[in-house]
Amino acid sequence: MTPRASALRATIGYDVEAVRRDFPILRTTVHGKPLVYLDSAASAQKPQAVIDAERAVYETGYANIHRGVHELSMRATDAYEKARARAAAFLGARESREIVFLRGTTEAVNLVAQSFGRTNVGPGDEVLITGLEHHSNIVPWQLLCEEKGAALRVAPIDDAGEVDLAAFERLLSPRTRITSFAHVSNALGTVNPVRRMTELAHAAGAAVMIDGAQAAPHLRIDVREIGCDFYAFSGHKVYGPSATGALWGRAELLEKMPPWQGGGDMISSVTFEKSTWNQIPFKFEAGTPNIAGGIALGAALDYVDQLGLAAIAAHEAELLRHGTERLRAIPGVRLVGTAREKTGVLSFVLDGVHPHDIGTVLDYEGIAIRTGHHCAQPVMDRFGVPATARASLACFNTREDLEALARGVLKAKELFT
Amino acid sequence: MDELRELYQEVILDHSKRPRNFREMPEASHRAEGYNPLCGDRATVYLRLEGDVIRDVSFKGAGCSISTASASMMTEALRGKTLGDVRTLFDRFHHLVTSDPSRAAQNAAPELGKLAAFSGVSEFPIRVKCASLAWHTMKAALDGEAKTTTE
């Protein structure tokens, strides 16, 4: 079957109207218009199942975890650890203890940079990233390199917004200790060939960290198939609560890494002379976490699996094709990011109209998009624009949403030119 | 569309499409570059003072319609004004775009003149920085700072 045919087959039976009923916020209005939410790459809306799961924790099973001998604490611990197992399965991890629950991908990158990075990167060593990265996959490495006297290398991207693989390979050197790159670009939607990049990095002896924040809601992830060493995603982008997320790391690496934050839950014993660390993953989880949020993240992953990532991806791919055509038909619109492999991201500029003005006009039509640099200023610089307007798709979007977007962009064009 | 027109009044659209005093000024006695990192807007403001009177004022840069129109209308408002007038106008304008939107009409001090068109901005907290970029940059130029940001 061709990819197109298999995509079409996967969309058969995908009932977008039923999916829409799962998201209470889609019944709200903005400036008197029905909400058209095209900003899921910034943060996804929540289905009823996630809202109910979080509420249920507080109503029937909330207490601190990993501590109490009482029934509620055990219920909460059990539910939290089930969510961890859920995240492990979602990523194709071998064991739950390879999953560190964190506030999100940003915290995960910082953990790897601070714990793995500080023990493995020294003066004269190199860290390799790409020109596609979100600030959260740039700055933690800059901090590390500055502290260690190491050099940050950046593999460039081409005019379509794809990483130049030949340059990536060239930039890997015997001094490269770790490379960190996005699975999917937040600003452009480019899907990176992560398996190939991982092979190249491992051949050069570098560890591999993947920022999966934009991949988790759209692609099936299998960390063992990719072969990477660390992989992180954020709960709030995959229809779960904000300030939840997971880092997967190979057990043998996590075992060797020092803790990066000290506190309760991360120790096995404490005296004033010396403390010993808890086992993984708890060694990396100091303090009381977002308990109800973590449990609800499990519900979000269940929800995504229930719809089926293949079906979601096929649905979004059809919408992306439609939206690309509709925007391209508007004279003066230039799409930024035209990679062959893309998730549902439409980043664009319109001649003579600033993205913020497009965003405000669309807002008055009830349409939410993101405008600005998307926390990826180097990507904007690469394309010579200060900012773009970005419409991003989710499982509940429809062709009508994209028609509304096109109408709104035309309206902005009429108003400002 | 009506609410949208409150923000994008005709005079604002006019100045954003055809900005006035949009030029460099080699003979400027004061200049500064302003940057709004949130949206990437940049503005350079040039001033030529004689004594404490602004004889000429211009700007260059790229930004959204609000920031372009605000810079353009600011240059028109400042020509011929004394430094004392400028300080008053700065404060009045700042008050106009940052105070309670429901009192926007009362907040438009008479000396603002056409600048009162920016009253709609206070409804959009995220756009306040767009409207004030040129003003902050102008103030930085007069204070002898070469660069400023809206942060």
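Helices here are DSSP runs of H or I with at least four residues, strands are DSSP runs of E with at least two, and both are numbered from the N terminus. This is a predicted model, where local features need pLDDT of at least 70, side-chain atom pairs count only at pLDDT 80 or more, and totals for chains, interfaces and linings use all residues. Residues are numbered from 1 along each chain as its sequence is written, while chains are lettered from A and ligands numbered from 1 in the order in which they are written.

**Exercise 1.** Work out how many helices and strands chain B has, and in what order its elements run.

Solution. Step one: chain B has six helices and four strands. Step two: starting at the N terminus, the order is α-α-β-β-β-α-α-α-α-β.

**Exercise 2.** Check the radius of gyration of chain B against that of a compact globule.

Solution. Start with the rule: 2.2 Å times the number of residues to the power 0.38, with the radius taken over C-alpha atoms. For 151 residues that puts a compact globule near 15 Å, and chain B has 14 Å, so the two agree. Next, the box: along the principal axes, the C-alpha atoms of chain B fill roughly 45 × 30 × 30 Å.

**Exercise 3.** Decide how α2(B) and α3(B) are set relative to each other.

Solution. First, α2 (residues 10-17) and α3 (residues 65-78) of chain B pack at about 90°, with their axes 8 Å apart. Axes are lines fitted to C-alpha atoms, for helices over the stretch in contact, and angles run from 0 to 180 degrees between N-to-C directions. Angles of 65 to 115 degrees count as roughly perpendicular (under 35 is roughly parallel, over 145 roughly antiparallel, the rest oblique). Therefore α2(B) and α3(B) are roughly perpendicular to each other. Among the residues making this contact are I12(B) and L13(B) of α2(B) and I66(B) and M73(B) of α3(B); two residues are in contact if their C-beta atoms, placed from the backbone, lie within 7 Å.

**Exercise 4.** Compare the span of α11(A) with the expected one, then see how covered this helix is.

Solution. The expected span is 1.5 Å times one less than the number of residues. The 17 residues of α11(A), 291-307, should therefore span 24 Å, and the end C-alpha atoms are 25 Å apart, which agrees. Now the cover: 13 of the 17 residues of α11(A) are buried (20 or more other C-beta atoms within 10 Å of their own; 12 or fewer is exposed, in between partly exposed; C-beta atoms are placed from the backbone). Right after α11(A) comes G308(A), with a positive phi near 95°.
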